[in-house]
Amino acid sequence: SAIQPLQYVPFSSRVANALTTCTTYVYQTVWPAHLAVFYPYSAKHLQSTAVIAAFVALVVVSLLCFAYRRSRPYLLAGWLWYLIMLIPVIGLVQVGNQAHADRYMYLPQIGLCLMLAWLLADLIRQFRIHRLSLITGAVVALSGLFADAFIQTTYWRNSETLWTRAIACTGNNSTAQNNLGFALAQKGQMNDAVGHFQKAIEIDPDYVEAYNNLGDVYFFNHQRDEAIGCFQKAAQLAPDNEEVQHNLGLAFAQKGQLDDAIAHFQKAVSLNPEDATAQHDLSIALAQKAQAGAR
């Protein structure tokens, strides 16, 4: 099941996610596969066994680095660099609704690279590894990284490929489902978009944006009752969402229920008095009501 971030995630869960994320980042550095633009909170990563295993791994590595602080001081320096640089972005203070993000590793990863580079240099000297073997290993490693980087760029070709990849790499990703639906709707693939919006809502029943986007598609297809139902659900979850109130007004106006339309347009204008579009739609609804009353 999906777990809601931000204020819905208790501090204990954020600590648990931080522990598992520390090990996840190390794994992704060593094996940069199955990368995604967005990683949702997942109950799987907060299971007690995963958290305990991550905690034990972090403690063991920390103790080993401390034990070798004299003979190999770069291990402790690199490890502390990694851990300290992660503190502001590890999710203890949640910024955004992701469980972790690849972009947060730009600076912490330097510590891991420092550890690896100096350790390899020591091992090469210690075991007197042949120069040809070193060159071969370096070529193989760099070739693999180049290939992986090229493959990753193909997923960023457009929004559809990007969010499709995120869904393939992560489970129960309501954000990816919603954004893929939005990308498909922009291309005019409305039926496909509906399926992804519905999947996003299935994963996260309180996903306001997915309800609003689904309502937009129904509105475009002139399915007025379905659109109103989606917008009303979104308004129930977020009554002060100006866009939802405006969309409700449009849906009621299209259905001919001018009083309801006017009420929602007025709500949208009160939430954002500078919204010229909402003011324009309100004036049209008021004029239509006046004309109907004059007949």
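Two exercises on a predicted model follow, each with a worked solution.

Local features need pLDDT of at least 70, side-chain atom pairs count only at pLDDT 80 or more, and totals for chains, interfaces and linings use all residues. Residues are numbered from 1 along each chain as its sequence is written, and side-chain values use heavy atoms, with hydrogens and water left out.

**Exercise 1. Describe the fold and overall extent of the protein.** 

Step 1. Count the elements. The protein has 13 helices and zero strands. Helices (H or I, at least four residues) and strands (E, at least two) are DSSP runs, numbered from the N terminus.

Step 2. Test for spread. The radius of gyration is 26 Å, well over the 19 Å that the globule rule gives for 295 residues, so the protein is more spread out than a compact globule. The radius is taken over C-alpha atoms; the rule is 2.2 Å times the number of residues to the power 0.38.

Step 3. Add the axes. The C-alpha trace spans about 100 × 40 × 35 Å along its principal axes.

Step 4. Check burial. Of the 295 residues, 37% are buried (under 20% relative accessible area, 1.4 Å probe, protein chains only).

**Exercise 2. Place histidine 246 and list its contacts.**

Step 1. Locate the residue. Histidine 246 sits in helix H11, residues 242–255.

Step 2. Classify its exposure. Its relative accessible area is 9%, so histidine 246 is buried.

Step 3. Find its partners. Leaving out residues up to four places away in sequence, histidine 246 touches Phe265, Ala268, Asp275, Thr277, Ala278 and Asp281. Contact means heavy atoms within 4.5 Å.

Key:
Buried < 20%, exposed > 50% of the residue type's maximum accessible area, 1.4 Å probe, protein only.
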